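Open the model in your viewer and switch to a cartoon view. The stops below go from the sheet to the helices.

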Amino acid sequence: MNAPSAFTISIQTADFDLGAELTALRAQDRRVGALCSFVGLVRDHNDGDAVGSLELEHYPGMTEKAIQTMVDEAFARFPIYAVRVIHRVGLLQPCEQIVLVAVTAAHRGPSFQACEFLMDYLKTQAPFWKKEQTPQGARWVDARVSDDAALARWGIAARNAGG
């Protein structure tokens, strides 16, 4: 539908400034009528257990390439202008920001759809591995059936890429 006009993918340990990221994404693009964003936070619980911290690992280069494929697919499916994806790695504490997906478009519908599509895709297909620290000890986080179902509604079968 649309050739990519702007996209940025960052895998980083540092936190991000949401306001600055959204301002930069829409800066100087007078076509933008909608900006949709999703920010994921580290929860203090999972599967009924307290979570003291979350550690994320990835394969540099491979992770960015996988996310680039997702972004290319979003540009092919939706009339959007720009995409910003930030995913943090390393040791994170509850309430810390872990992921940002932001999308600009002329109208809210495509912006919302592309943002949700990218988040569903990231959740199941991006090669990240997550380890939680709980009172019972460390455990790796498995993919959820509900995440696979969310991706399936876009016509994409989940591959086990990470947690």
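In what order do the strands of the open sheet lie, and is the pairing parallel, antiparallel or mixed? The open sheet has 4 strands, ordered β1-β6-β8-β2, and their pairing is mixed. This is a predicted model.

**The sheet**

Select residues 6–12 and 34–41. These are β1 and β2, the edge strands, and each of them pairs on one side only. From one strand to the next, the twist averages 5 degrees.

Now add residues 80–88, which form β6. β1 and β6 run parallel and are joined by 7 bridges. To find a place where the two strands face each other, show Phe7, which stands opposite Val83 in β6. In general, strands of a sheet pair through backbone hydrogen bonds, in either the parallel or the antiparallel sense.

**Helix α2**

Select residues 62–77. This is α2, which packs on the sheet and touches β1 and β6. The direction of α2 makes about 150 degrees with that of β1. Measure from the first C-alpha of α2 to its last: the 16 residues reach 23 Å, close to the 22 Å expected at 1.5 Å a residue.

Which residues of α2 are buried? Show side chains for Thr63, Ile67, Gln68, Met70, Val71, Ala74 and Phe75. These residues lie on the same side of α2 because they cover an arc of only 165 degrees around the axis. An α-helix has 3.6 residues a turn, so residues three or four places apart point the same way. Against what do the buried residues of α2 pack? Their partners are β1, β5 (53–58), β6, α3 and β9 (128–134).

**Helix α3**

Go to residues 108–125, helix α3. This helix lies across β2, β6 and β8 (97–105), and runs at about 145 degrees to β8.

**Helix α1**

Finish with residues 18–26, helix α1, where Glu21, Leu22 and Leu25 are buried. They sit on the same side of α1, because their arc around the axis is only 95 degrees. The strands that the buried residues of α1 pack against are β2, β6 and β8.

Then look at what flanks this helix. At the N-terminal end of α1, Asp17 acts as the cap, with a side-chain oxygen 3.1 Å from the backbone nitrogen of Gly19. Just after α1 comes Gln28, whose phi is positive, at about 65 degrees.

Technical notes
Residues numbered from 1 in each chain as written. Predicted model: local features only at pLDDT ≥ 70, side-chain atom pairs only at ≥ 80, totals over all residues. Heavy atoms only, no water. Pairing = 2+ DSSP bridges. Axes fitted to C-alpha atoms, helices over the stretch in contact; angles between N-to-C directions. Contact = heavy atoms within 4.5 Å. Buried < 20%, exposed > 50% of the residue type's maximum accessible area, 1.4 Å probe, protein only. Arc of directions from axis to C-beta. Polar contact = N/O pair within 3.5 Å; in protein donor to acceptor, adjacent residues only side chain to side chain. Expected span 1.5 Å × (residues − 1).
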